[in-house]
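The following exercises concern how the parts of a molecular assembly meet. Please examine the sequence and the structure, and attempt each task before reading its solution.

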2 protein chains.
Amino acid sequence: MTAIESLAACGVKASPQRVAVLDYLMEHHTHPNVDDIYAALHPDYPTLSRTTVYNTLRLLTESGVVQTLSIDERNAHYDADVTLHAHFICTACRTIIDIPLREAALDAMAELPREMQVESTQLYFRGLCPACKCRAEHA
Amino acid sequence: MTAIESLAACGVKASPQRVAVLDYLMEHHTHPNVDDIYAALHPDYPTLSRTTVYNTLRLLTESGVVQTLSIDERNAHYDADVTLHAHFICTACRTIIDIPLREAALDAMAELPREMQVESTQLYFRGLCPACKCRAEHA
DNA sequence: AACAAGTTTGTAACGATTACAATCACTCGC
DNA sequence: GCGAGTGATTGTAATCGTTACAAACTTGTT
């Protein structure tokens, strides 16, 4: 599914800026923040405004096309993969890594009262990534 | 375990301000933010500074006595219960609710690479709480 | 071409958090 | 007891991510 198709599918008008932002997210699974995206797109879209990036990401999140990660207390990160998976953030290098999840286990794990309407689920791990763990052990 | 004992157990010097903050957290399972805590303690500790509340909560988090929740994009919330449980935040009224977890299921759920050193785990749900869901349905 | 509706832009404001320097409290050797 | 030194607290100022807002721009329609 292309960015344009995703936008159409959820009824969001496909401006060049929106396509560019979503395209970037779909091609880079690095969980970028707003500045990463802005810096990456600015060369190609010289008039692009940071505000537009913020607005677009909010819109895309509300539309369910991307998810906003609050794993990093410093700033929000974004992910165009909205299938069930967890995230690990390295507290040293700040890299965010995808963690696959066994789908069935989620229901088995949480005892959610029936009267609650869950709209999104986020599972975060914090710690040291392999590289930083290794570096720490040799220091 | 009292607040003073907890502080001693993890080697944090027990100043009146620190005891007050931790005491408050241990007695109120409302997942307060900094301003909630400050507002609650200020009458009894007129010289208390917001900065001290921030500093104390950071120290307590680093010591593992409390956990900092990043479930609310607006501000951090704090929880003196560091046993395994998830959190649900109502996107309408902003209330944070504890969700019990079946401990065994966590391992079954996440496929964490062996070389990663996980230091903390947070599971967040977002949606409508029973009261707000009901209100929404009747509107 | 004129208009309306919605989008983008840039700047200004906001608000949570942190930095910093001054003051304060407490302990320890005298 | 007393002053130095260490660490804690305080208040203000700065920082920085994000949002509000108003003006300029696009696009589709008559």
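**Exercise 1.** Determine how much area chain A and chain B bury between them, and how many residues each chain gives to the contact.

*Solution.* Step 1: chain A and chain B bury about 3,400 Å² between them, and 61% of this area is on carbon and sulfur atoms. The model is a predicted one. Step 2: the contact draws 33 residues from chain A and 33 residues from chain B.

**Exercise 2.** Identify the polar links across the interface of chain A and chain B, and then describe the side of chain A that touches chain B.

*Solution.* Step 1: two salt bridges are found across the interface of chain A and chain B. The criterion is a side-chain nitrogen of Lys or Arg within 4 Å of a carboxyl oxygen of Asp or Glu. A salt bridge joins the side chains of A:Arg102 and B:Glu111, with an N to O distance of 3.6 Å. Step 2: the interface also has 13 residue pairs in polar contact, both residues being at pLDDT 80 or more. Step 3: on the side of chain A that touches chain B, at least two residues each come from β4 (96-100), α5 (103-109), β5 (117-128) and α6 (130-137) of chain A. The largest share, twelve residues, belongs to β5(A). Step 4: by class, this side of chain A has 19 nonpolar, seven polar and seven charged residues.

**Exercise 3.** State how many bridges join β5(A) to strand β5 of chain B, and in which sense the two strands run.

*Solution.* Step 1: β5(A) is joined to β5 (residues 117-128) of chain B by eleven bridges. Step 2: the two strands run antiparallel. Step 3: within this pairing, A:Leu123 is placed opposite B:Leu123 in β5(B).

**Exercise 4.** Describe the protein surface near DNA strand C and its contacts with phosphate oxygens.

*Solution.* Step 1: DNA strand C is surrounded by 15 residues, the closest being A:Ser15, A:Thr47, A:Thr52, B:Tyr54 and B:Ala76. Of the atoms of DNA strand C that come within 4 Å of the protein, 79% belong to sugar and phosphate. Step 2: an N or O atom in the side chain of A:Thr47 is 2.7 Å from a phosphate oxygen of DNA strand C. For A:Thr52, a polar side-chain atom lies 2.7 Å from a phosphate oxygen of the strand, while a polar backbone atom of A:Leu48 is 3.4 Å from a phosphate oxygen. Step 3: two or more residues of this surface come from each of α2 (16-27) and α4 (50-62) of chain A and α4 (50-62) of chain B. The largest share, three residues, is that of α4(A). Step 4: the surface near DNA strand C comprises three nonpolar, nine polar and three charged residues.

How values were computed: Residues are numbered from 1 along each chain as its sequence is written. Chains are lettered from A and ligands numbered from 1 in the order in which they are written. This is a predicted model: local features need pLDDT of at least 70, side-chain atom pairs count only at pLDDT 80 or more; totals for chains, interfaces and linings use all residues. Side-chain values use heavy atoms; hydrogens and water are left out. A residue is near a molecule or strand if one of its heavy atoms lies within 4 Å of it. A polar contact is a pair of N or O atoms within 3.5 Å; within protein, one must be able to donate a hydrogen and the other to accept it, and residues adjacent in sequence count only if both atoms are side-chain atoms. Helices (H or I, at least four residues) and strands (E, at least two) are DSSP runs, numbered from the N terminus. Ala, Val, Leu, Ile, Met, Phe, Trp, Tyr, Cys and Pro count as nonpolar, Asp, Glu, Lys and Arg as charged, and the others, Gly among them, as polar. Contact means heavy atoms within 4.5 Å. Buried area is the accessible area (1.4 Å probe) that two parts lose on being put together, summed over both. Two strands pair if DSSP finds at least two bridges between them.
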